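Trainee: I would like to go through this model term by term. Can you back each label with its value?

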Amino acid sequence: MKKPSIQLVKYNDEVFKAVFKNVPVEITNSLRRVMMAEVPTIAVEEVIIFKNDGFLNDDSLAHRLGLIPLKTDIGTVRRLREGDGYVTLNLKVAARTTERTVYSGDLKSRDRAVGPVSDKIEIAKLAPGQAIEAEMWAVPGIGEEHAKWSPVTVAVARGVPKIRLAKEIPQDVAKGLVEVCPKNVFEAKGGEVRIVDITRCTVCGICEEKYGEFVKIGIDEGSSILYFESVGQLTTKEILDEAFNILLSKLDEFKNKFMEVELDVA
Ligand code: SF4
């Protein structure tokens with residue numbers, strides 16, 4: 001197997017995009033699936049409603065509260081999984097003389113390490129004189145149980161596009177390639193066509209269809225592109241770290257089981 005390498009294209013707490021050279025799509029896709037379904041986060045699971053005068057019925061209110069993404073860190077998730085169990089949050093809002101919108105920012109968490117990802121998520125509207133009072137228990141869970149625990153929004157693993165350009169490209173074709181590509185993959189400078197960012201290519205084939213004499217499109221499944229966005233509960237680094245840990249522990253478990261079988265046969 002050729003030596004793997006990673007080329008980061010975009011990386012911050014919310015977005016991760018990289019080319020994994022010599023890492024087949026099957027491996028990055030396993031990571032993607034673990035991220036979506038098995039990396040744990042925290043979400044509201046139990047709601048006790050003491051008062052709800054608003055137009056939203058109790059069930060809908062509880063459902064909305066359950067879907068509010070809660071920011072935390074992987075250490076807190078582990079602490080809750082290993083013993084502490086849950087974090088309590090409270091909501092106590094009253095509209096006195098004017099209409100009032102209840103936002104996620106109105107939630108008060110008893111654990112400073114846990115709170116809404118955004119303060120601007122609308123929960124309900126209250127008319128003058130109405131109020132909501134509720135207590136919630138947020139618990140750790142995984143996306144496989146319910147999507148509210150999944151830490152990623154978009155998560156894509158795919159092969160790396162292969163674009164072969166002819167050595168000599170006439171100026172009108174160069175201009176045409178730049179114009180025809182819907183993803184701005186090409187740039188024409190000084191009579192030469194350059195690939196700006198191969199990860200933008202969706203392998204749609206439009207350029208080849210029009211200028212097949214000068215460009216050939218393929219896909220390299222032996223290398224891969226991994227792209228994902230965090231919902232906000234965890235950083236992209238925490239999500240990736242945890243996905244690797246889970247995948248490696250699964251492989252360890254698989255290896256141990258396999259060795260047991262081998263020993264039995266012997
Ligand atoms: S295959 Fe589509 S996206 Fe890729 S370079 Fe050609 S036109 Fe652009």
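Mentor: We take the labels one at a time, and the model is a predicted one.

Trainee: Why is Asn22 called buried?

Mentor: Its relative accessible area is 18%. Buried means under 20%. Therefore Asn22 counts as buried.

Trainee: Where is Asn22, and what is its phi?

Mentor: Asn22 is found in the loop between strand S2 (15-21) and helix H1 (25-37). Its phi is near 60 degrees, a positive value in a residue other than glycine. Asn184 also has a positive phi, near 50 degrees. That residue lies in the loop between helix H4 (171-180) and strand S12 (186-189).

Trainee: What makes Val25 buried or exposed?

Mentor: Val25 is in helix H1. Its relative accessible area is 12%. The cut-off for buried is under 20%, so Val25 is buried. From Val25 to Pro151 there are 126 residues in sequence and 21 Å in space, C-alpha to C-alpha.

Trainee: And Gly190: how do you know that it is exposed?

Mentor: Gly190 has 87% relative accessibility. Exposed means over 50%, so the label fits Gly190. Its place is the loop between S12 and strand S13 (192-195). Gly190 and Ser104 are 86 residues apart in sequence, and their C-alpha atoms are 54 Å apart in space.

Trainee: Why is Arg78 called partly exposed?

Mentor: Arg78 has a relative accessible area of 36%. Partly exposed lies between the 20% and 50% limits, so that is the class for Arg78. The residue lies in helix H3 (residues 74-84). Arg78 and Pro140 are 62 residues apart in sequence but 8.3 Å apart in space, C-alpha to C-alpha.

Trainee: Now the ligand. Which residues surround it?

Mentor: The shell consists of Cys181, Pro182, Val185, Phe186, Cys201, Thr202, Val203, Cys204, Gly205, Cys207 and Ile217. The ligand sits in the largest cavity.

Trainee: What makes the shell's class counts come out as they do?

Mentor: Nine of its residues are nonpolar, two are polar and none is charged. Cys and Pro count as nonpolar, and Gly counts as polar. Therefore Cys181 and Pro182 fall in the nonpolar class, and Gly205 in the polar one.

Trainee: How is the protein chain divided?

Mentor: There are two parts: domain 1 (5-38 + 153-228) and domain 2 (42-149). Their C-alpha centres lie 41 Å apart.

Trainee: How many residues are in the largest nonpolar core, and which have the most contacts inside it?

Mentor: That core has 43 residues, and Leu226 and Phe228 have the most contacts inside it. Helix H6 (residues 236-265) gives the largest share, five residues.

Trainee: How do you know where this core lies relative to the domains?

Mentor: Domain 1 and domain 2 both give residues to this core, so it lies between them.

Trainee: Why might nonpolar side chains be found together?

Mentor: In soluble globular proteins, nonpolar side chains tend to be buried together.

Notes
Residues numbered from 1 in each chain as written. Predicted model: local features only at pLDDT ≥ 70, side-chain atom pairs only at ≥ 80, totals over all residues. Heavy atoms only, no water. Helix = DSSP H or I, 4+ residues; strand = E, 2+ residues; numbered from the N terminus. Buried < 20%, exposed > 50% of the residue type's maximum accessible area, 1.4 Å probe, protein only. Near = heavy atom within 4 Å. 1 Å grid on protein atoms, 1.4 Å probe; cavity = no way out; pocket = protein on both sides within 12 Å on 5 of 7 lines; lining within 4 Å. Sits in = over half its atoms within 2 Å of the grid points. Core = buried A, V, L, I, M, F, W, Y, C linked by side-chain atoms within 4.5 Å. Domains from an automatic or database assignment.
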